[in-house]
Amino acid sequence: MTIEPGLRAELVFMVERSDTAMRLGSGDVPVLGTPRLLAFAEAATVRAVQDHLAPGQTSVGTKVTLEHRAASPVGAHVEVVAELAEVDGRRLLFEVTTRDARRTVATATIERVVVDRERFLSGLSG
């Protein structure tokens with residue numbers, strides 16, 4: 001594994017109606033829903049390390065701390081930046097910042113663990 005702190009990925013997306021709390025069932029307002037925000041944050045962590053994993057490896061999310069600080073309306077452009085802050089064996093700790101044109105929308109700490117894909121999947125069958 002050639003995974004070291006400092007690996008980064010950035011994603012930019014526009015908030016669509018399908019991303020809103022109303023549509024996701026996580027609230028009743030037409031702004032970026034926290035579940036979608038988390039999905040974008042996790043996607044950025046995956047992207048940050050995907051080219052640095054050995055063949056047959058993947059990473060799985062194990063822990064999230066997310067502070068959703070500000071609302072983003074439909075049509076807002078949002079940038080998610082994930083940076084690998086710490087590597088402890090197979091454990092990866094990311095710091096994630098999400099911003100729109102005006103302010104910080106959210107911050108998060110996301111933990112992922114590197115696993116062997118086939119071994120992980122084989123554990124799912126009974």
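1. Let me start with Arg69, which is partly exposed at a relative accessible area of 47%. Please keep in mind throughout that this is a predicted model. The side chain of Arg69 meets that of Glu67 in a salt bridge, with 3.7 Å from N to O. Glu67 also counts as partly exposed, at 45% relative accessibility. With a cut-off of 4 Å for such a pair, the contact at 3.7 Å qualifies as a salt bridge. Glu67 falls within the range of β2 (57-68), one of the two edge strands of the sheet.

2. Now the overall picture. The protein has three helices and five strands, and from the N terminus on these elements run β-α-α-β-β-β-β-α. Its C-alpha atoms fill a box of roughly 40 × 35 × 20 Å along the principal axes. Of the 126 residues, 36% count as buried. Among contacts with a separation of 6 or more, 64% come from residues 24 or more positions apart. The protein exposes about 7,200 Å², and carbon and sulfur atoms supply 49% of that area.

3. In what order do the five strands of the open sheet lie? The order is β1-β3-β4-β5-β2, and the pairing is antiparallel. The edges are taken by β1 (8-14) and β2 (57-68), each of which pairs on one side only. From one strand to the next, the twist averages 25°. Helix α2 (residues 34-49) packs on this sheet and touches β1, β2, β3 (77-88), β4 and β5. The direction of α2 makes about 145° with that of β1.

4. The pairing of β4 with β5 is a good place to look in detail. Strand β4 covers residues 91-99 and strand β5 residues 104-116, and the two pair in the antiparallel sense over nine bridges. Arg91 stands opposite Val113 in β5. Arg91 is also partly exposed, with a relative accessible area of 24%, and its side chain takes part in a salt bridge with Glu86, where the closest N and O atoms are 3.0 Å apart. Glu86 is partly exposed as well, at 34%.

5. On charge pairs in general: the structure holds eight salt bridges. Which residues are linked in a network of salt bridges? They are Arg8, Glu10 and Glu83. By their numbers, Arg8 and Glu10 fall within the range of edge strand β1 (8-14), while Glu83 falls within that of β3 (77-88).

6. The pair I would show a colleague is Asp19 with Arg36, a salt bridge whose closest N and O atoms are 2.7 Å apart. Asp19 lies in the loop between β1 and α1 (21-24), whereas Arg36 belongs to helix α2, so the bridge ties together parts that are 17 residues apart in sequence. Is Asp19 buried or exposed? At 6% relative accessibility, Asp19 counts as buried, because the cut-off for that class is under 20%. Arg36, at 24%, counts as partly exposed.

7. Ser72 deserves a look too. This residue sits in the loop between β2 and β3 and is buried, with a relative accessible area of 0%. Which residues does Ser72 touch, leaving out those up to four places away in sequence? The contacts are Val15, Val31, Leu32, Val78, Asp100, Arg103 and Val105.

8. His52 is found in the loop between α2 and β2 and counts as partly exposed, at 29% relative accessibility. How far apart in space are His52 and Ser26, C-alpha to C-alpha? The distance is 34 Å, for two residues 26 apart in sequence.

9. Finally, the surface close to the C-terminal helix. Phe120, Leu121 and Leu124 form a nonpolar patch there, with about 310 Å² of accessible area together. Leu124 is found in the segment after α3 (117-122), and the numbers of Phe120 and Leu121 fall within the range of that helix. Leu124 is exposed, with a relative accessible area of 62%.

Conventions. Residues are numbered from 1 along each chain as its sequence is written. This is a predicted model: local features need pLDDT of at least 70, side-chain atom pairs count only at pLDDT 80 or more; totals for chains, interfaces and linings use all residues. Side-chain values use heavy atoms; hydrogens and water are left out. Patches are made of residues with over 30% relative accessible area and no salt bridge: like charges are joined within 9 Å, nonpolar side chains (Val, Leu, Ile, Met, Phe, Trp, Tyr) within 5 Å. Accessible areas come from the Shrake-Rupley method with a 1.4 Å probe; for residues, only the protein chains shown count as cover. Helices (H or I, at least four residues) and strands (E, at least two) are DSSP runs, numbered from the N terminus. Buried means under 20% relative accessible area, exposed over 50%, partly exposed in between (1.4 Å probe, protein chains only). Two strands pair if DSSP finds at least two bridges between them. Axes are lines fitted to C-alpha atoms, for helices over the stretch in contact, and angles run from 0 to 180 degrees between N-to-C directions. Contact means heavy atoms within 4.5 Å.
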